[in-house]
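Thanks for making time this morning. I would like to walk you through a structure that will be new to most of you, so please have a look at it before I begin.

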Amino acid sequence: MLRARRDLAPLKGSDHHGRLHVLPGRAESAAEARRLLVSGLGARHPYLYNAQLVVTELVANAVRHSRSGLWGGEVGLYIEASRGGAARIEVIDNGPLLHRPSRPVVKRPRDGGEGGRGLALVGAFADVWGTLRNPNGYTTVWARWNAGGRAA
């Protein structure tokens, strides 16, 4: 269950707010995650479109490559924003599949191959991103956009 979010330092400053959403571990949840970003960041947020691209990739990866995609699996989506324009999203999965115990990593795609580009896109569209293996075995992939940072 993804009901409890692990401790993370909030965005610097006192004007931040965040919320955890729990979505079913299905491919269709990427569309719901994009809708939640509009309400969580605001339709005029400077990084909304970048965040929507990133969250689509991260939710799809969670469903495809973790136990979140198994029957009854869930994907957590944490959205944090500040009035100053900074934003952070986290996608929390139910942990690795038994036959894939590794962490998410950027891979070099094969020529003409369909996969292997997702985390490179995350790196291109976020100011900074990373992964964390939680004590409960879940994996968190996070992305952050700094106030006044770059926009792709």
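How many of the 7 residues of β5 are buried? Before I answer, please keep in mind that this is a predicted model. The answer is that 6 of the 7 residues in β5 are buried, so to speak a strand that is mostly covered.

Let me stay with β5 and describe its neighbours. On one hand there is β3, which pairs with β5 in the antiparallel sense over 7 bridges, and within that pairing Arg88 stands opposite Arg144 of β5. On the other hand there is β4, residues 128-133, which is joined to β5 by 6 bridges and also runs antiparallel to β5, with Gly130 standing opposite Trp142. The hairpin formed by β4 and β5 has 5 residues between the strands, and in this hairpin Gly137 takes a positive phi near 95 degrees.

Now to the core. The largest nonpolar core holds 28 residues, and those touching the most other members are Leu37, Leu41, Val55, Val59, Ile89, Val91 and Trp145. Several elements supply at least two residues each, among them α1, β3 and β5, while the largest share, 8 residues, comes from α2.

Two of these core residues deserve a closer description. Trp145, leaving aside residues up to four places away in sequence, touches a list of residues that includes Tyr47, Val54, Ile89 and Phe125. Val55, which lies in helix α2, is buried, with a relative accessible area of 0%. With the same sequence neighbours left aside, Val55 touches Ala33, Arg34, Leu37, Leu77, Ile89 and Val91. The last of these, Val91, is 36 residues from Val55 along the chain, and yet the C-alpha atoms of the two are separated by 7.5 Å.

That brings me to α1. Its 13 residues should span 18 Å at 1.5 Å a residue, and the end C-alpha atoms are indeed 18 Å apart, which agrees. The buried residues of α1 are Ser29, Ala30, Ala33, Leu36, Leu37 and Leu41. Seen down the helix axis, these buried residues fall within an arc of 110 degrees, so they line one face of α1. The face turned away from that buried side carries the exposed residues Arg35 and Ser39. After α1 comes Gly42, whose phi is positive, near 105 degrees.

Finally, which salt bridges do we find, given that a search of the whole structure gives 3 of them? In α1, the side chains of Arg35 and Glu32 meet in a salt bridge at 3.1 Å, N to O, and these two residues lie 3 residues apart, about one turn of the helix. Arg35 counts as exposed at 52% relative accessibility, whereas Glu32, at 30%, counts as partly exposed. Another salt bridge links Arg26 with Glu28, with the closest N and O atoms 3.0 Å apart; here Arg26 is partly exposed at 46%, and Glu28 is exposed at 53%. There is also a salt bridge between Glu90 and Arg88, whose closest N and O atoms are 3.2 Å apart, and in that pair both Glu90 and Arg88 are buried. You may recall Arg88 from earlier, as the residue that stands opposite Arg144 in β5.

Note on methods:
Residues are numbered from 1 along each chain as its sequence is written. This is a predicted model: local features need pLDDT of at least 70, side-chain atom pairs count only at pLDDT 80 or more; totals for chains, interfaces and linings use all residues. Side-chain values use heavy atoms; hydrogens and water are left out. A nonpolar core is a set of buried Ala, Val, Leu, Ile, Met, Phe, Trp, Tyr and Cys residues joined through side-chain atoms within 4.5 Å. Buried means under 20% relative accessible area, exposed over 50%, partly exposed in between (1.4 Å probe, protein chains only). Helices (H or I, at least four residues) and strands (E, at least two) are DSSP runs, numbered from the N terminus. Contact means heavy atoms within 4.5 Å. The expected span of a helix is 1.5 Å times one less than its number of residues. The arc is that of the directions from the helix axis to the C-beta atoms. Two strands pair if DSSP finds at least two bridges between them. A salt bridge is a side-chain nitrogen of Lys or Arg within 4 Å of a carboxyl oxygen of Asp or Glu.
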